[in-house]
Amino acid sequence: MGAINYDLTKIKAMVFDVDGVISSSATLLSKDGIPQRTLNVKDSFAIQLAVKNGFIVGVISGGFSQPMYNALTRLGVKNIYMHASDKTERMQHIMKSYDLSAEQILYMGDDMPDMKALSMVALPCCPDDAAHEVKSACRYISEYRGGMGCVRDVIEQVLRANDMWLKENSFVW
């Protein structure tokens, strides 16, 4: 795992895109042409652990998947925005709702619709397989691909920096 060059003790919120970040960018399609999104179990565990430790976890996606929405809700994510054509609006809503500054937010995106949201935070991150332009805009590029552990990577680093990794609640769902 690479190391994020940022004071991670400042982070209060972690916000993620779905397609290409939480879910792999290579998705199967249903017979109706609907993407069948995946959810990495290690990413899932990290998400629920971040929530349990008091972090604000959000998801902003241009797409929609009821199964993904249901899974994220079960993990404790309260800020789930799907069909978000303008991700900056949703990011502003999260910032205002929790009185957060840019320095307190990590955002992970992978493609062009994430560019404006990435520019709104002090810690823009992306998976290894993000678009070139996104990589150029990010402070941290995970060594993991979208849907393959990049979410776990950044959450684990934030929790470790805040001495919240390998604590009693780390061993249970």
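**Stop 1: glycine 62**

Select glycine 62 and show what lies around it. Leaving out residues up to four places away in sequence, glycine 62 touches His83, Ala84 and Lys87. This is a predicted model. Glycine 62 sits in the loop between S4 and H2. Its relative accessibility is 45%, which counts as partly exposed, because that class runs between 20% and 50%. Now add methionine 82. The two residues are 20 positions apart along the chain, yet their C-alpha atoms are separated by 5.8 Å.

**Stop 2: helix H2**

Move on to helix H2, residues 66-74. Begin at its start. There, a side-chain oxygen of serine 65 comes to within 3.2 Å of the backbone nitrogen of methionine 68.

Which residues of H2 are buried? Select Met68, Ala71 and Leu72. They cover an arc of only 95° around the axis, which puts them on the same side of H2. A general point helps here: an α-helix has 3.6 residues a turn, so residues three or four places apart point the same way.

What covers these buried residues? The cover includes helix H1 (41-52), strand S4 (56-60) and strand S5 (79-81). Show those elements together with H2. Then go past the end of the helix. Glycine 76 follows H2, and its phi is positive, near 100°.

**Stop 3: the largest nonpolar core**

Keep Leu72 selected. It is also among the residues with the most contacts inside the largest nonpolar core. The others named there are Met14, Phe16, Leu106 and Ile155. This core has 36 residues. Strand S1 (13-16), H1, S4, H2, S6, strand S7 (123-126) and H6 each supply at least two of its residues. H6 gives the largest share, six residues. In general, nonpolar side chains tend to be buried together in soluble globular proteins.

Center on leucine 106. Which residues is leucine 106 in contact with, leaving aside its neighbours within four places in sequence? Ile11, Ala13, Met14, Val15 and Phe16 are among them. So are Leu123, Cys125, Val154 and Val158.

Now look for a second, separate core. This one has 21 residues, including Ile60, Leu118, Met120 and Cys126.

**Stop 4: serine 142**

Cys126 leads to the next selection, since serine 142 is a residue that touches Cys126. Buried or exposed: which is serine 142? At 1% relative accessibility, serine 142 counts as buried; the cut-off is under 20%. Serine 142 lies in the loop between strand S8 (140-141) and H6.

Display the side chains. That of serine 142 makes a polar contact with the side chain of aspartate 153, at 2.6 Å. Besides Cys126 and Asp153, serine 142 touches Met108, Pro127, Asp128 and Cys150, not counting residues up to four places away in sequence.

**Stop 5: two aspartates with positive phi**

Most residues other than glycine have a negative phi. Select aspartate 99 for a positive value, near 50°. Aspartate 99 lies in the loop between helix H3 (87-97) and strand S6 (105-108). It is exposed, with a relative accessible area of 69%.

Jump to aspartate 163. Its phi is positive as well, near 55°. Aspartate 163 is found in the segment after helix H6 (150-161). It too is exposed, with a relative accessible area of 52%.

Go back to the loop between H3 and S6 and pick serine 101. At 29% relative accessibility, serine 101 counts as partly exposed. Draw a line from serine 101 to aspartate 163. The residues are 62 positions apart along the chain, and their C-alpha atoms are separated by 22 Å.

**Last stop: the whole chain**

Zoom out and color by secondary structure. The protein chain has six helices and eight strands. From the N terminus on, the elements run β-β-β-α-β-α-β-α-β-α-β-α-β-α. The radius of gyration is 15 Å, close to the 16 Å that the globule rule gives for 173 residues, so the chain is as compact as a globular protein of that length. The C-alpha trace spans about 45 × 35 × 30 Å along its principal axes.

Color by accessibility next. Buried residues make up 51% of the 173 residues. Turn on the surface to finish. The accessible surface comes to about 8,400 Å², and 52% of it belongs to carbon and sulfur atoms. Of the contacts with a separation of 6 or more, 57% are between residues 24 or more positions apart.

Terms used:
Residues numbered from 1 in each chain as written. Predicted model: local features only at pLDDT ≥ 70, side-chain atom pairs only at ≥ 80, totals over all residues. Heavy atoms only, no water. Buried < 20%, exposed > 50% of the residue type's maximum accessible area, 1.4 Å probe, protein only. Helix = DSSP H or I, 4+ residues; strand = E, 2+ residues; numbered from the N terminus. Arc of directions from axis to C-beta. Contact = heavy atoms within 4.5 Å. Polar contact = N/O pair within 3.5 Å; in protein donor to acceptor, adjacent residues only side chain to side chain. Core = buried A, V, L, I, M, F, W, Y, C linked by side-chain atoms within 4.5 Å. Rg over C-alpha atoms; globule rule 2.2 N^0.38 Å. Areas by Shrake-Rupley, 256 points an atom, 1.4 Å probe, with all protein chains shown as cover.
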